[in-house]
Amino acid sequence: MTGDLLVGIILGPTILGSFFPKIYNFIFPQNLVQVAMLDTLGWFGLFLVLLSTGIEVDFSSIWKQRKNALVISILDIIIPIIFSMAFIYFLPSRYFEFSDNKFITSFFISVIMTISALPIAIRALREVGIMKSDLGFLIISALTINDIIGWIIFTLLLSLFSMKFFDWEIAIKITLSTGVFTFLALNVGKKVVNWLFSKVVNQDSDGVQGVLAVLISTGVVFGLITLEIGIHTLFGFFIAGIVAGDSPIFTKSARNTVHNFVYSIFASLFFVNIGLKINFFESFNLFLALFITFVGITGRYLGAWIGSTLSKNIKYRNIISIAHTPGGEMHIVVSLIALSFGLLNKELFVAIVFAAILSSIINGPWLAVASKRFNYLESFEVLVYPGIKLEAQYKEQVISKLLDLLKLKYREVNILENVLDREDIVCSGL
């Protein structure tokens, strides 16, 4: 994401356009047709980014751990909104596109500040070695629910703010329709998509091409439904990704194919196109950029910290809170949408992009330093006995035989049920 954006900044009006305007105008002539073509590719890339983001959401496993994760997620939305509003509302009017309605604009920016970057957090958790632990799973669950709720709120607000005049009846209708669509998609839609996957896999040797076709088609259908409801098409693609990713037929090979398909071309075009459209030198305000960075990181940290405390995860609340701080690509995505709707000016947009990149860069080292204090997995010795071979047909049998070996040292009884319950929530890799 950062590299693609940097390419756009170098080739766009910020660097090439400022120092070599003739070369810039030759490569990127201000022709309406060419500009429209680049924008179309960028938006298509954005749709696929949201589709791919949804695929990474393991909704079934997360729903089993919804109690603690839901508390953290809800507070990580409410607290950042309140915290951000308390600061952003008092910014000078020159920073607002609609200075006569600072409350609405401040609230909208505060909602953007709540969405955390799930891919950045996953990468950081892998680097510190806690991705597969219970703590790592709790963090991912909370961030995923945060993503879902955050996108629902954002797309709803986007629809309501884009109205020429506010109508309570329309607002309630959009809200209820969004809730019904989400419920039906995650339940009925999941079964339909799973059935379609099974059909194309049976007709295709590897199933990847057919699965990819069903995936994109589902995104288009869901996008059209959300557009008809009155919310942004992006939400439909995001939900389509969640529904598809929850299917057992959607294999790791298919996920890798989709990821490579999206991020090798289309996602890159989207982020490059941002740099090609905006002069970051002209729109950069150091005070505003540092201010938005402070408000965003502090608000998300406090929200997760309070949520962790109330969900009785006090021991690891610092780790959980740090994992919620990066903004990443999702902040850039939502702020670009807000910019295109005229709800942000370029200074605020560039400040949010700066905050998203900086918060992502510092998240890994910050989490690594904080995680050194803890050992997440109970230590045990791996006993290797020459000549012993485990033979089993099912995963449950393998686990049972491994436990039999461990009983030689630990003498635990009746722990198979607990281990299988944990395995049912998220597979440890056996």
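Is threonine 14 buried or exposed, and what is its relative accessible area? Threonine 14 is buried, at 0% (buried means under 20% relative accessible area with a 1.4 Å probe, counting protein chains only).

A quick word on the model: it is predicted, so local features need pLDDT of at least 70 and side-chain atom pairs pLDDT 80 or more, while totals for chains, interfaces and linings use all residues. Numbering starts from 1 along each chain as its sequence is written, and side-chain values use heavy atoms, with hydrogens and water left out.

Zooming out, the chain has 20 helices and zero strands (DSSP runs: H or I of at least four residues for helices, E of at least two for strands). Of its 430 residues, 50% are buried.

Back to threonine 14, which sits in the loop between helix H1 (2–11) and helix H2 (16–19). Its side chain makes these polar contacts (N or O pairs within 3.5 Å, one able to donate a hydrogen and the other to accept it; sequence-adjacent residues count only if both atoms are side-chain atoms):

| Partner atom | Distance to threonine 14 side chain |
|---|---|
| Isoleucine 278, backbone oxygen | 3.2 Å |
| Phenylalanine 280, backbone nitrogen | 2.8 Å |

Setting aside neighbours within four places in sequence, threonine 14 also has Ile9, Phe19, Asn279 and Phe281 among its contacts (heavy atoms within 4.5 Å).

Then there's leucine 403, in helix H19 (residues 395–410). Leucine 403 is buried too, at 10% relative accessible area. Beyond four places in sequence, leucine 403 touches Ile415, Leu416 and Val419. The C-alpha atoms of leucine 403 and valine 419 are 9.4 Å apart.
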